[in-house]
Amino acid sequence: MGKFITIEGIEGAGKSTQLAFIQKYLADQNQSLTVTREPGGTELGEQIRELLLTPRSQGMAVDTELLLMFAARAEHIEQVIKPALERGEWVLSDRFTDATFAYQGGGRGISQQRITEIADWTLKGLQPDLTLLFDLPVEVGLQRVLIRNEGVDRFEQEKVDFFQRIKECYLDRAQQDPKRMKIIDANQSIVDIQAQLTTILDSLLAH
Ligand code: Z5A
């Protein structure tokens, strides 16, 4: 029986870097795995992602942003996540619904209650078995993105206090649901983070 793992955090937290490690770790344990991401993960979802991330969409209404996130997610759940879990595979998603609570809720100021209503309707009870929250100081994450020098998307153009609110919202959610959400100290070396991940994944594999 497969498990559903999601990875969350602010920009530059190291999600993509560690995703490859988790993928190899689970493959070494002979687990079939579907790796995917949000927004995106389907043909339609990737088109929505482009609309959401391009700096050309500057000024997009916050409700539009929220609904596009959930439109992409509805497609993602139906076309990718549910079928993979039904096949008995593990699913590893770079971001999922916690990102909406953090970015559109904490960041943009949409009420948590409104997001909960739409999430309940879209997810229909689907919840990750494990969410890895990569936590680090906002300035460190933004510095890493700058050094990477790949150009900035519409979200990365935001100011430090936007990402501070997102970080706090993520941490609040982790405190409310400590069984599902595990906080990873992402302000460590890549190898030290991997040691922390190994302990958490071993425990999930054992259950
Ligand atoms: N979004 C939203 O608003 N609402 C939603 O519901 C959803 C998403 C689902 C796309 O996300 C955007 O969509 C995102 C939130 C919003 N905002 N933005 N931008 P994304 O996940 O595709 O993009 P991202 O968050 O910007 O990812 P990222 O910037 O690529 O960060 P990352 O994957 O966490 O980091 P990384 O690429 O692995 O590492 C960044 C750099 O740091 C890189 O050069 C690494 O080599 C380096 N690195 C990594 N780990 C370390 C350590 N430990 N030490 C030193 N350097 C490191």
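In this predicted model, the ligand occupies the largest pocket, where 29 residues surround it, with Glu11, Ser16, Thr17, Arg49 and Arg95 being the closest. Sorted by class, this shell holds 10 nonpolar, eight polar and 11 charged residues. Several helices take part in building the shell, for helix 1 (15-28), helix 2 (43-53), helix 3 (62-86), helix 4 (97-107), helix 6 (138-148) and helix 8 (190-206) each contribute at least two residues, and helix 4 provides the largest share, with four residues.

Individual side chains can then be followed to the ligand. An N or O atom in the side chain of Glu11 is 2.6 Å from a nitrogen atom of the ligand, and the side chain of Gln104 likewise has an N or O atom 2.8 Å from a ligand nitrogen. For Arg95, a polar side-chain atom lies 2.4 Å from an oxygen atom of the ligand. Of the 1,000 Å² that the ligand exposes when taken alone, the protein buries 84%.

Arg95 also deserves a look for its backbone, since its phi is near 80 degrees, a positive value in a residue other than glycine. Arg95 is placed in the loop between strand 3 (90-94) and helix 4, and because its relative accessible area is 13%, under the 20% cut-off, it counts as buried. Asn30, in the loop between helix 1 and strand 2, has a positive phi of about 60 degrees although it is not a glycine, but Asn30 counts as exposed because its relative accessibility is 71%.

A further backbone feature is the cis peptide bond that joins Glu38 and Pro39, with omega about -15 degrees; Pro39 is found in the loop between strand 2 (33-37) and helix 2.

Key: Residues are numbered from 1 along each chain as its sequence is written. This is a predicted model: local features need pLDDT of at least 70, side-chain atom pairs count only at pLDDT 80 or more; totals for chains, interfaces and linings use all residues. Side-chain values use heavy atoms; hydrogens and water are left out. A residue is near a molecule or strand if one of its heavy atoms lies within 4 Å of it. A polar contact is a pair of N or O atoms within 3.5 Å; within protein, one must be able to donate a hydrogen and the other to accept it, and residues adjacent in sequence count only if both atoms are side-chain atoms. Accessible areas come from the Shrake-Rupley method with a 1.4 Å probe; for residues, only the protein chains shown count as cover. On a 1 Å grid over the protein atoms alone, a cavity is a set of points where a 1.4 Å probe fits but cannot get out, and a pocket is an open set with protein on both sides within 12 Å along at least five of seven lines; lining residues have an atom within 4 Å of a point. A molecule sits in a cavity or pocket if more than half of its atoms lie within 2 Å of its grid points. Ala, Val, Leu, Ile, Met, Phe, Trp, Tyr, Cys and Pro count as nonpolar, Asp, Glu, Lys and Arg as charged, and the others, Gly among them, as polar. Buried means under 20% relative accessible area, exposed over 50%, partly exposed in between (1.4 Å probe, protein chains only).
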